[in-house]
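The following account is meant for a reader who meets this structure here without earlier acquaintance. It may be read with the sequence and the coordinates displayed side by side.

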Amino acid sequence: WTPRGWVNADSLELKQLRGKVVLLRFISDDTTGADAIGELYRVYHPRGLAVVGMYAPSPMPAETSVDHVRQLASAHGFEFPIGVDSHWETLNRYWIDQGDSELTSATFVIDGKGIVRYIQPDGQYDKNSSNRAMRKEYEKLEKAIETLLKSE
């Protein structure tokens, strides 16, 4: 990845996470999924999950300050590292140029060898949602994380 700055970290190279299960979530100013990401971090980070956010402004790339992303992280209580991907370089590498979607809130679960093992494409998941589909998506994401944590 190639962020233009970091929040909650001085910098973070992907190679530093080798051997760890990583949840990579592309986020924007849309608050959908913020509570779920925070919950996954609180539950699974102590068990070895590395959570990394990548801020990709939506609906289109735009210069974004680290201060803006810092305020967003603070407002949601995010304690994990968040890269600033203002021009979507990282998002394009992971998703938009490769995937079949224009959504910018994708979530990836990556194993300790760096292989993407699970993709949740739209950020629509929530453990406590009244929407059954969102609860099911959360359960699938959680199962992928648990499976990889047990095998690492």
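The paragraphs below pass from the whole chain to a helix pair, and then to individual residues.

The model is a predicted one. Its secondary structure comes to four helices and six strands. Read from the N terminus, these elements follow the order β-β-α-β-α-β-α-β-β-α. The radius of gyration of the protein chain is 14 Å, close to the 15 Å that the globule rule gives for 152 residues, so the chain is as compact as a globular protein of that length. Along the principal axes, the C-alpha trace spans about 40 × 35 × 30 Å. Of the 152 residues, 48% count as buried. The contacts also show how the chain is folded upon itself: among those between residues at least 6 apart in sequence, 71% join residues at least 24 apart.

A helix pair offers a convenient way into the interior. Helix α1 covers residues 34-44 and helix α4 covers residues 132-151; the two pack at an angle of about 25°, with their axes 12 Å apart. Angles under 35 degrees count as roughly parallel, and α1 and α4 are therefore roughly parallel to each other. The crossing in which α1 passes α4 is right-handed. On the side of α1, the contact is made by Ala-36, Glu-39, Leu-40 and Tyr-44, while α4 contributes Tyr-138, Leu-141, Glu-142, Ile-145, Glu-146 and Leu-149. Sorted by class, this contact has seven nonpolar residues, three charged residues and no polar ones.

What else does α1 pack against through its buried residues? The buried residues of this helix are Ala-34, Ala-36, Ile-37, Gly-38, Leu-40, Tyr-41 and Tyr-44. Besides α4, they pack against strand β2, strand β3 (50-55) and helix α2 (66-76).

On the other side of the helix pair, two neighbouring positions of α4 deserve attention. Leu-141 is found in this helix, and it is buried, with a relative accessible area of 0%. Leaving aside neighbours within four places in sequence, Leu-141 is in contact with Leu-23, Leu-40, Thr-107, Val-109, Tyr-118 and Tyr-125. Between Leu-141 and Tyr-125, which are 16 residues apart along the chain, the C-alpha atoms are separated by 8.5 Å. Glu-142 is likewise a residue of helix α4. With 18% relative accessibility, Glu-142 counts as buried, because the cut-off for that class is under 20%. Glu-142 and Val-109 lie 33 residues apart in sequence, and their C-alpha atoms are 9.9 Å apart in space.

Thr-107 appears again in the surroundings of a residue in a strand. Gln-120 is found in strand β6, residues 116-120. Is this residue buried or exposed? At 1% relative accessibility, Gln-120 counts as buried. Its contacts, not counting residues up to four places away in sequence, are with Ala-106, Thr-107, Tyr-125 and Glu-137. Thr-107 is 13 residues from Gln-120 in sequence, and the C-alpha to C-alpha distance between them is 5.0 Å. Tyr-125 is thus touched by Gln-120 and is also in contact with Leu-141.

The loops supply further examples. Asp-111 is found in the loop between β5 (107-110) and β6. Asp-111 is buried, with a relative accessible area of 6%. Apart from neighbours within four places in sequence, Asp-111 is in contact with Lys-20, Arg-117, Leu-148 and Glu-152.

Two other loop residues have an unusual feature of the backbone to consider. Which sign does phi take at Asn-8? Phi of Asn-8 is near 65°, a positive value in a residue other than glycine. Asn-8 lies in the loop between β1 (6-7) and β2 (22-27), and this residue is partly exposed, with a relative accessible area of 41%. Phi of Trp-88 is near 65° as well, again a positive value in a residue other than glycine. Trp-88 is found in the loop between β4 (82-84) and α3 (89-96). Trp-88, however, counts as buried, at 9% relative accessibility.

Key:
Residues are numbered from 1 along each chain as its sequence is written. This is a predicted model: local features need pLDDT of at least 70, side-chain atom pairs count only at pLDDT 80 or more; totals for chains, interfaces and linings use all residues. Side-chain values use heavy atoms; hydrogens and water are left out. Buried means under 20% relative accessible area, exposed over 50%, partly exposed in between (1.4 Å probe, protein chains only). Axes are lines fitted to C-alpha atoms, for helices over the stretch in contact, and angles run from 0 to 180 degrees between N-to-C directions. Angles under 35 degrees count as roughly parallel, over 145 as roughly antiparallel, 65 to 115 as roughly perpendicular and the rest as oblique. A crossing is left-handed if the near helix is turned anticlockwise from the far one by less than a right angle, and right-handed if clockwise. Contact means heavy atoms within 4.5 Å. Ala, Val, Leu, Ile, Met, Phe, Trp, Tyr, Cys and Pro count as nonpolar, Asp, Glu, Lys and Arg as charged, and the others, Gly among them, as polar. The radius of gyration is taken over C-alpha atoms; the globule rule is 2.2 Å times the number of residues to the power 0.38.
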